[in-house]
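Please work through the following exercises with the sequence and the model open side by side. Each task is followed by a solution that goes step by step.

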Amino acid sequence: DSFILNHSASGDTLAYPKVSSWKLEGQVGGDCCSWDGIECDDNTGHVIGLDLSSSFLYGSINSHNSLFQLHHLKRLSLYDNDFNGSEIPSAIGNLTRLSRLDLSWSGFTGQIPYEVLQLSNLVILDLSGNPLELRNPSLKSLSERLLNLKNLDLDMVNVSSTIPQSLANLSALTSLSLAVCELHGTFPSSLANLTRLTYLSLAGNEFSPATLLQKNQFSERIPSWFGNLTGLTSLDLGSNEFWGSIPKSIFNLKNLKFLDLYGNYLSGTYKLESFLNLKKLKALQLSSNHFSLLSTTVINVTVPKFTLLTLRSCNLSKFPNFLSSQDKLEYLDLGRNKIHGFIPKWIWGLSAQTLQVLDLSENFLTGFDQPTVVPQWINLRELNLGSNKLQGSLPIPPASIYHYFISNNLLKGEISSIICNLTSIAVLDLSNNRFSGMLPPCLGNLSKSLSVLELQKNNFSGPIPRGCEKGSALRMIDLSQNQLNGRIPRSLVNCNMLGFLNLGNNQIEDTYPSWLGRLQELRILILRHNGFHGAIGEPKSSEFPKLRILDLSFNKLTGCLPSRHFQRWKAMKVVDIGKLRYLEVDISFEAGKRSWVLDFSYSMTMIKAGVETKYERIQDFLVAIDLSSNKFDGCIPEDIQMLKALQFLNLSNNFLSGPIPSSLANLSNLQALDLSRNKLSGEIPQELVQLTFLGFFNVSHNQLTGPIPQGKQFGTFENNSFEGNLGLCGNPLSKKCYPEGLSPPPRSLSKKDDGEDSWLQFGWKAIMLGYGSGVVNGLVLGYLFNPMKHKLFVKYFGRKKQNRRRGRMN
């Protein structure tokens, strides 16, 4: 009764509320031994098993919960619920008869309680998928006390230590999973004694120091003694920093069904047959290393039947011919290799009944070995042919497709309306090709399934099709850099989920689309380089509540700057430099028993500090306004100071007049300010010296007078920031403000002195600015190769710069 049933608390598609069938004592079905999830001892009647996995349980839990009074309990599973950030209660130590404890993926946080060490009868311990810490107790103390363990799974638990020698004490271990645990250092050779292991995962750790690229004596190779663990059926060493060659002993592991060496620095040249000789392999991941695979012709040799094969970045020069006989593949990645020429015709029938994902991106493929046909795949969900040299017309994928990437090729011609038959498609990326003609009017019919529509950098012409129906799923639309004309279709107002809209660099003739302000989720609006005209006018009562990036540059907008609109753009007023986040679209899907959880990142081009800059990923806290190269006139309004989160402001190439407001100094997060090529007059406010983040400043070609402010960031700006203002003087210009030998008048005492507080402020802001420089991403996939757990398995791995493709699957 202390929990509520919340369907978002469990992620398994087979989840259901087991406790909903429980009855009070005295009612029909009131015998607890008959309840769903309860197991009782036939002789004593004691409750010895409680399985509430995937039961939609939501709420907090503590040591007072009646669960911990079940002293005869031997098996407890709370997997796949949401205990709302609770710590694992210390009362868990009361359940000393437990042989199996599964608290995985249930929203527990904090330090694992020391009382876990009292559970000396544990055979299975699974705490994976929770942001827990194992410090006190440590992995060392756990391996010294829980000596009966056969299955230990701490994936994603922060262990942050070396692997202790004492882990070898767990001689009964058959399954050990320590993925993404912040383990480091080297492997103790004593682990070679764990000869009963059938499953070993150490992926996503740091088993060598950051100096590994120097190949010094401290770098870590894959230990050859792994070959002694001949009982292994699964070996996962992916996403570490192993270097050097693959030890030959690995090829002695004849029982392997799953081998993952993804994402290391392994080098050398290997024959693909060496891996194919591991006859029981079903999953092989070799992507993203530094070695080369020689794909010799395999004739009259029995090869494994793979379900998963990733050979990305393996320097393959041709399609491995053994693939033509594969009929059970679900996932095949041959991306980022050196495969030239045509795609062979046998590819289109490859694993026709089972294939879900095919990635041939980033090769040198030029076309197809037969006329373009709809492939035979009936379960294909993702097809990536992007970044090749494909020519001809657009190949149409099968009707089952969810994600279709064919960007960065040389394809041309019109888009057939047959594309509109793909009624399940969520991502359509045809960008950076040579397509032309009008977009199919039926394209808007896909809005209930489409989340991402990327058609930029082509030669499409004509009007934009009606964009959305009610109930639209669209979150990202990029039609930029085409030749589209006419007006923006008013049906876009139905795109209630839209977060990104880029119509830049087209030939659209329209007035400012204030009606788009009704889109509650819109964060980025780019309309640059079009024919938008007229005054912006008065705002509606509320508009663009989440807008953070607005680019209206290179249009024909007139009148005053939209002062009243500045007052209503709420998201630009809030400085939020917290945890690093990127603007992304969730494009997850399920196929059969697998869950594929993927993100598609927003990207854009923007003028930053006077230079056109490509943002492959956009940080959530980036705030920018570009109104440059229009026909705005009048003064710069004081209301702009309300946009406290602004980092980039470009008002250049307009007809603005009057003074530069000193209130711009209140935009304390400003990094770039461009007011050049206007008719501004008066002095540059001395208060702007307070903008300690300001890295770019341009007021050239105005009518400014007086001394240039000195000190702090202003000491870094060069002549071209101020040129074309005949009345300006002082550094960095050669024109002096005062005759030789005379000093400037003293600064006004009414201005706040620059003291210790301001330098402290600069310090923490600089730290926060530096915080946003990383690239983080992740992938969650169904993991079926471990027979001991049939549940989702989540790992976080690096992603290549083109954010839409992962190189690894688990």
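The exercises begin with the chain as a whole and then turn to strands, rings and backbone details.

**Exercise 1. The chain as a whole**

Task: State how many helices and strands the chain has, and what percentage of its residues is buried.

Solution: The model is a predicted one, and local features are therefore read only where pLDDT is at least 70. Counting secondary structure gives 4 helices and 56 strands. Of the 810 residues in the chain, 56% are buried. Turning to contacts between residues at least 6 apart in sequence, 59% of them join residues at least 24 apart. The chain exposes about 33500 Å², and carbon and sulfur atoms supply 51% of that area.

**Exercise 2. A hairpin and a parallel sheet**

Task: Determine whether strands S44 and S45 run parallel or antiparallel, and find which strands stand at the edges of the sheet S14-S16-S18.

Solution: As background, strands of a sheet pair through backbone hydrogen bonds, in either a parallel or an antiparallel sense. Strand S44, residues 604–608, is joined by 5 bridges to strand S45, residues 611–615, and the two run antiparallel. One position to check by eye is Met604, which stands opposite Tyr615 in S45. The hairpin of these strands has 2 residues between them, and Ala609 there takes a positive phi near 55°.

The second part concerns 3 strands that form an open sheet in the order S14-S16-S18 with parallel pairing. Strand S14 (243–244) and strand S18 (290–294) each have a single partner strand, so they stand at the edges and one side of each is left without a neighbour in the sheet. Strand S16, residues 265–271, pairs with S18 over 5 bridges in the parallel sense, and Tyr270 stands opposite Leu293 in S18.

**Exercise 3. Aromatic pairs**

Task: Classify the ring pair of Phe83 and Phe108 and that of Trp348 and Trp377, and locate the residues of each pair in the chain.

Solution: A pair of aromatic rings is described by the distance of the centres and the angle of the planes. The whole structure contains 22 aromatic pairs. In one of them, Phe83 and Phe108, the ring centres are 5.1 Å apart and the planes meet at 25°, so the pair is stacked, the cut-off for that class being under 30 degrees. Phe83 lies in the loop between strand S5 (75–77) and S6, while Phe108 lies in the loop between S6 and strand S7 (110–111), so the pair ties together parts that are 25 residues apart in sequence. Both Phe83 and Phe108 are buried.

For Trp348 and Trp377, the centre-to-centre distance is 5.7 Å and the angle between the planes is 55°, and this pair is tilted. Trp348 is in the loop between strand S21 (340–343) and strand S22 (357–359), and Trp377 is in the loop between strand S23 (364–368) and strand S24 (382–384), so that the pair links distant parts of the chain, 29 residues apart. Trp348 has a relative accessible area of 8% and is therefore buried, and Trp377, at 2% relative accessibility, counts as buried too.

**Exercise 4. Charges over rings**

Task: Identify the ring over which Arg221 lies and the ring over which the charged end of Arg381 sits.

Solution: Arg221 lies over the face of Trp243, at 4.1 Å from the ring centre. The charged end of Arg381 sits over the ring of Tyr402, at 5.0 Å from its centre.

**Exercise 5. Backbone details**

Task: Find where Pro137 and Pro732 lie, and decide whether Ser160 is buried, partly exposed or exposed.

Solution: Most residues other than glycine have a negative phi, and most peptide bonds are trans. A cis peptide bond joins Asn136 and Pro137, with omega about 15°, and Pro137 is in the loop between strand S9 (132–133) and helix H1 (139–145). The peptide bond from Asn731 to Pro732 is also cis, with omega near 10°, and Pro732 is in the loop between strand S54 (727–729) and helix H4 (756–771).

Ser160 has a positive phi near 50° and is found in the loop between strand S10 (151–153) and strand S11 (175–177). Its relative accessibility is 31%, so Ser160 counts as partly exposed.

Terms used:
Residues numbered from 1 in each chain as written. Predicted model: local features only at pLDDT ≥ 70, side-chain atom pairs only at ≥ 80, totals over all residues. Heavy atoms only, no water. Buried < 20%, exposed > 50% of the residue type's maximum accessible area, 1.4 Å probe, protein only. Contact = heavy atoms within 4.5 Å. Areas by Shrake-Rupley, 256 points an atom, 1.4 Å probe, with all protein chains shown as cover. Pairing = 2+ DSSP bridges. Phe/Tyr/Trp six-rings, centres within 6.5 Å; stacked < 30°, edge-to-face > 60°. Lys NZ or Arg CZ within 6 Å of the ring centre and 35° of its normal.
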